[in-house]
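The following paragraphs lead through one structure, element by element. Please keep the sequence and the 3D view at hand while reading.

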Amino acid sequence: MQPEDTDVTGKADHDGKASSDTPAPAGSAEAPTLAELLLAVEELWPESLAEGWDEVGLVAGHPSAPVSKVMFAVDPTLEVIEEAVEWGAELLITHHPLLLKAVTSVAATSAKGRAVHRLIESGTALLTVHTNGDSAVGGVSDVLADALGLQDAAPLTTAANGLPEEGIGRVGDLAEAMSLGDFAARVYGILPSVAGGVRVSGDKDGLVRRIAVCGGAGDSLFAEVRASNADVYVTADLRHHPASEAREAALNGRPYLVDVSHFASEWLWLPAAAAALGNVLADQGHEVELRVSTTNTDPWDFILTPG
């Protein structure tokens, strides 16, 4: 699957599906201001759910500006920003922050500086929904769990300022046990195509049913994964030492590990997020076009494998 295969364009209806075939009657809805749109975003992904180290919220944009087009993306790269500007988006919502670390200059002599200048000069606002989008109900890991068919999914670790069902990661059960090999194929099948593919650690024929997932980098949650009695853990960016130590600490080889692309694991959330925001805005009487970026921002271009 490529990102462009699931582009979300148009207005979201109340079933969560994108639709642009039936325009609203004239005068029945209007574009919100950026400030009004931020209230809708806060309803879905409260900033209070963000981790203490994170930087979420509005990065660029004037609260009084009208917003009629919103694009969702994983990364605020220059290529993504150009895509948003070309489409005419007044707001770009990205999962990853542009300015996570402190900066002392946004001069256009650096990539981040050029990004800030392009956003402001084009009148495109930028909003970050990061770990608050991970923790919220219907967030990154919830969407990943749903795509894998997990039942009764619950957070691996609950949010400090959230409800019991909010937090980082999810753990749940498949309807029926399957081999690790077949499960890994299911993971591969739901994700956008990237150079790195899917890496697996464990017995290919071993049966798995209880599944832990964490969209994005999740090697800080191994203790919680073991406590959840998961048969397999699906996450991204598994480094050598944490993965090796997890294998050494495994009981009867479990949890097995499925390592996926950081970008791919979080891209799945974008169409669901766009539909959810469209529904909230429609309930508030606003009309906004929503689109998911088709730019693949996975940093790797190709991979060499044995044989």
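A place to begin is Ala35, which is part of helix α1. This residue is partly exposed, since its relative accessible area is 33%, and the partly exposed class lies between 20% and 50%. Ala35 and Ala65 are 30 residues apart along the chain, and their C-alpha atoms are separated by 8.0 Å. These values, like the others below, come from a predicted model.

Helix α1 covers residues 34-44 and packs with α10: the two axes come within 10 Å and cross at roughly 120°. That angle makes α1 oblique to α10, because 120° falls outside the 65 to 115 range for roughly perpendicular and is not over 145, the limit for roughly antiparallel. The crossing of α1 past α10 is right-handed. On the α1 side the contact is made by Leu37, Ala40, Val41, Glu43 and Leu44, and on the α10 side by Ala276, Leu277, Val280 and Leu281. By class, the residues of this contact between α1 and α10 are eight nonpolar, no polar and one charged.

Next come the sheets. In general, the strands of a sheet pair through backbone hydrogen bonds, and the pairing is either parallel or antiparallel. One sheet here is open and has five strands in the order β3-β6-β5-β4-β13, with mixed pairing. Its edges are β3 (57-60) and β13 (289-292); each has a single partner strand, so one side of each is left without a neighbour in the sheet. From one strand to the next, the twist averages 25°. The edge strand β3 runs antiparallel to β6 (residues 125-128), and three bridges join the two. Within this pair, Leu58 has Leu127 of β6 as its bridge partner. Helix α10, residues 269-283, packs on this sheet and touches β4 (69-73), β5 (91-94) and β13; the direction of α10 makes about 170° with that of β13. Helix α10 thus has contacts with the sheet and with α1.

Another helix pair is formed by α2 (residues 78-87) and α3 (residues 111-122), which pack at an angle of about 10° with their axes 10 Å apart. What does this angle make of α2 relative to α3? The two are roughly parallel, because the angle is under 35 degrees. Leu78, Ile81, Glu82 and Val85 of α2 make the contact with Ala111, Arg114, Ala115, Arg118, Leu119 and Ser122 of α3. This contact of α2 with α3 has six nonpolar, one polar and three charged residues.

There is also an open sheet of six strands, in the order β7-β8-β10-β11-β12-β9, again with mixed pairing. Here the edge strands are β7 (151-158) and β9 (199-201), each of which pairs on one side only. Neighbouring strands are turned against each other by 25° on average when direction is ignored. Inside the sheet, β10 and β11 (residues 232-236) run parallel and are joined by four bridges. In this pair, Val232 of β11 is the bridge partner of Ile211. Two helices can then be placed against the strands. Helix α5 (residues 140-147) lies across β7, β8 (167-179) and β10, and runs at about 150° to β10. Helix α6 (residues 180-190) packs on the sheet by touching β8, β9, β10, β11 and β12 (256-260), and its direction makes about 125° with that of β8.

The loops around these strands hold some individual residues to look at. Ser220 sits in the loop between β10 (207-217) and α7 (222-227). With a relative accessibility of 61%, Ser220 counts as exposed. Ser220 is 26 residues from Val194 in sequence, and their C-alpha atoms are 24 Å apart in space. Asn229 lies in the loop between α7 and β11 and has a positive phi of about 60° although it is not a glycine. At 60% relative accessibility, Asn229 is exposed.

The loop between α8 and β12 contains Asn252, which has a positive phi of about 55° although it is not a glycine. Asn252 is exposed, at 70% relative accessibility. Pro255 is found in the loop between α8 (240-249) and β12. Is the peptide bond that joins Arg254 and Pro255 cis or trans? The bond is cis, with omega at about 5°.

Definitions and conventions. Residues numbered from 1 in each chain as written. Predicted model: local features only at pLDDT ≥ 70, side-chain atom pairs only at ≥ 80, totals over all residues. Heavy atoms only, no water. Pairing = 2+ DSSP bridges. Axes fitted to C-alpha atoms, helices over the stretch in contact; angles between N-to-C directions. Contact = heavy atoms within 4.5 Å. Left-handed = near helix turned anticlockwise from the far one by under 90°. Nonpolar A, V, L, I, M, F, W, Y, C, P; charged D, E, K, R; others polar. Buried < 20%, exposed > 50% of the residue type's maximum accessible area, 1.4 Å probe, protein only.
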